[in-house]
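Welcome! Here are some short exercises for getting to know a new structure, each followed by a worked solution. Try each task yourself before reading on.

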Amino acid sequence: MTAAAPTGPHWAGLPVAVAGLGVSGISAARVLHGLGAHVTVVDGGSGEGLKTRAAELEALGVTVRLGDGSTLPEGTRLVVASPGWPPSSALFAAAAEAGVEVWGDVELAWRLRRPLPATGEPAPWLAVTGTNGKTTTVQMLASILTAAGRRTAAVGNVGVSVLDAVLAEEPYDVLAVELSSYQLHWAPSLRPYAAAVLNLAPDHLDWHGSMEAYAADKGRIYEGNVVACVYNLADPATEALVREADVEEGCRAIGFGLGAPGPSDFGVVDGLLVDRAFVPDRAKNAAELGSVEDVFPPAPHNITNALAAAALARAYGVEPKAVREGLRAFRPDAHRIAEVAVVDGVTYVDDSKATNTHAAAASLAAYRPVVWIAGGLAKGATFDDLVQGAAERLRAAVLIGEDRALIREALARHAPDVPVIEAAEGQTGAVAMTEVVRAAASLARTGDTVLLAPACASMDMFTNYGERGDLFAAAVRELADR
């Protein structure tokens, strides 16, 4: 994508420090340098990969300081944070002591928006956050907006960089923006046209410090909403965030859920996706947006993702026909409740992206009976609620990874009759996954689903969740070819 950065006296010569040499840090450094700022990138690491990235930026005229990510460069008047850097970082403490503002890449992008020729206003942002489902929902939303004839993109924490999107040479009509809690923490000026919080469950608490701080950062997405704050009817915490938000006059609270919708809600009636919010006389009327069969795959949590995307699209003014067309055209990314194969009457499903208990619970709720493959790095999570809620669906479990004992103990407490096999310790990669799939196959019966929904991070055994899912699929195909 070609970007055309604006210039002006506000940025010329401004001393800016960028935290981190990751993807967002490099993007911010390039943009700021193009604006004429004096940019210094700081990073506490000093590995060969970082040195290579530093050399590329230094060739442009950007200063890079490796091995010290805690000292504020002298004269700095703005710090741009990378999402992975927690608020407790020494660099940000130094900035606060010096009275220097800290922005994230989303805040920088928001400040650099440019007016569209047709309207004289910047492209509206339809924003999505939540513990799980953000990427799928934003991609569904972008598909719907495209079906409606709008030039758009899924941006932010997915796909196109939000900075690249706002500076694109050919401007977008509207943006579907995925925002993490990290990004929202450092975006004080953000005011989306409409926004959704899909769900809230404990995650990233080591970064935020507490569940209350995590929820508060998620809730920032509702600040200044113009048309709609979209929330999950099944998750009261999301509605509480709407109640606490300071929004534009006339902005409405719009709920979504799997039941029949009340006025101002989106829901499901006799297998149809229904809007009772953006219709004339919503007390008596509703608009049909499609059916559950238009959503792929039609798992319950994926239908709620579709309803949230539809609510944001309708808030923007999209017609029902485009909602249906956009949902029909959408296919999720890999490793999100993706059916791999049916072998000897057993269905094998890859949901390696289910890296926390909330995501795994949604995945488990979509199938019955299940041979569950679970485990990895727990990230401080506990598993009693997850196992208790899924116990009656479980045929058996195959446990992997460093923190498998936590899941084994939860199974012993809440599903003691469920057979459990533990993969051999010390194995990683393809060797480990082949053993796991064979163990799951030995436990499964015709009509069962073998479900990889680990509820844990993957880095103890695999490069990332993508490799974990790829190796699962490869092992299933090997099983089918035997």
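**Exercise 1. A sheet of six strands**

Which residue in β18 is the bridge partner of W372?

Solution. Keep in mind that this is a predicted model.
- Step 1: find the two strands. Strand β17 covers residues 370–375 and strand β18 covers residues 394–400.
- Step 2: look at how they run. The two pair in the parallel sense, over 6 bridges.
- Step 3: read across from W372, and you arrive at A397 in β18.
- Step 4: widen the view. The order β15-β16-β20-β17-β18-β19 describes an open sheet of 6 strands with mixed pairing. Its edge strands, β15 (338–343) and β19 (420–422), each pair on one side only. From one strand to the next, the twist averages 20°.
- Step 5: add a helix. Helix α17 (residues 465–481) lies across β15, β16, β17 and β20, and runs at about 20° to β15.

**Exercise 2. A sheet of nine strands**

Find the strands at the edges of the open sheet of 9 strands, and explain what being there leaves them without.

Solution.
- Step 1: write down the order, which is β7-β8-β6-β9-β10-β11-β12-β13-β14, with mixed pairing.
- Step 2: take the edges. β7 (154–156) and β14 (287–291) each have a single partner strand, so one side of each is left without a neighbour in the sheet.
- Step 3: note the twist, which averages 25° from one strand to the next.
- Step 4: zoom in on one pair. Strands β10 (residues 228–232) and β11 (residues 252–256) run parallel and are joined by 5 bridges; here G255 in β11 stands opposite Y231.
- Step 5: see what packs on the sheet. Helix α11 (residues 300–316) touches several strands, including β6, β10 and β14, and its direction makes about 135° with that of β12.

**Exercise 3. The surroundings of β2**

Decide whether strand β2 (residues 38–43) is largely enclosed, and trace the units it takes part in.

Solution.
- Step 1: count buried residues. In β2, 5 of the 6 residues are buried, so the strand is largely enclosed by the rest of the structure.
- Step 2: go to β1 (residues 15–19). This strand runs parallel to β2 and is joined to it by 5 bridges, with A17 opposite T40. Together with α1, the two strands make a right-handed β-α-β unit.
- Step 3: go to β3 (residues 63–66), which pairs with β2 in the parallel sense over 4 bridges. R65 in β3 is the bridge partner of V42. With helix α2 (residues 48–58) between them in the listing, β2 and β3 make a right-handed β-α-β unit.
- Step 4: pick V41. Beyond residues up to four places away in sequence, V41 touches V18, L57 and V64, among others.
- Step 5: place V41 in the core. The largest nonpolar core has 57 residues, and V41 is one of those with the most contacts inside it, as are W11, L32, W125 and Y222. Helix α1 (residues 23–35) gives the most to this core, with 6 residues.

**Exercise 4. Buried or exposed?**

Are L241 and Q139 buried or exposed?

Solution.
- Step 1: recall the cut-off, since buried means under 20% relative accessible area.
- Step 2: test L241, in helix α10 (residues 236–244). Its relative accessibility is 8%, so L241 counts as buried. Its contacts beyond four places in sequence include V197, L200 and Y222.
- Step 3: test Q139, in helix α5 (residues 134–147). Its relative accessibility is 15%, so Q139 counts as buried. Leaving aside neighbours within four places in sequence, Q139 is in contact with A154, V158, F330 and D333.

Terms used: Residues numbered from 1 in each chain as written. Predicted model: local features only at pLDDT ≥ 70, side-chain atom pairs only at ≥ 80, totals over all residues. Heavy atoms only, no water. Buried < 20%, exposed > 50% of the residue type's maximum accessible area, 1.4 Å probe, protein only. Contact = heavy atoms within 4.5 Å. Core = buried A, V, L, I, M, F, W, Y, C linked by side-chain atoms within 4.5 Å. Pairing = 2+ DSSP bridges. Axes fitted to C-alpha atoms, helices over the stretch in contact; angles between N-to-C directions. Right-handed = clockwise from strand over helix to strand, strands pointing away.
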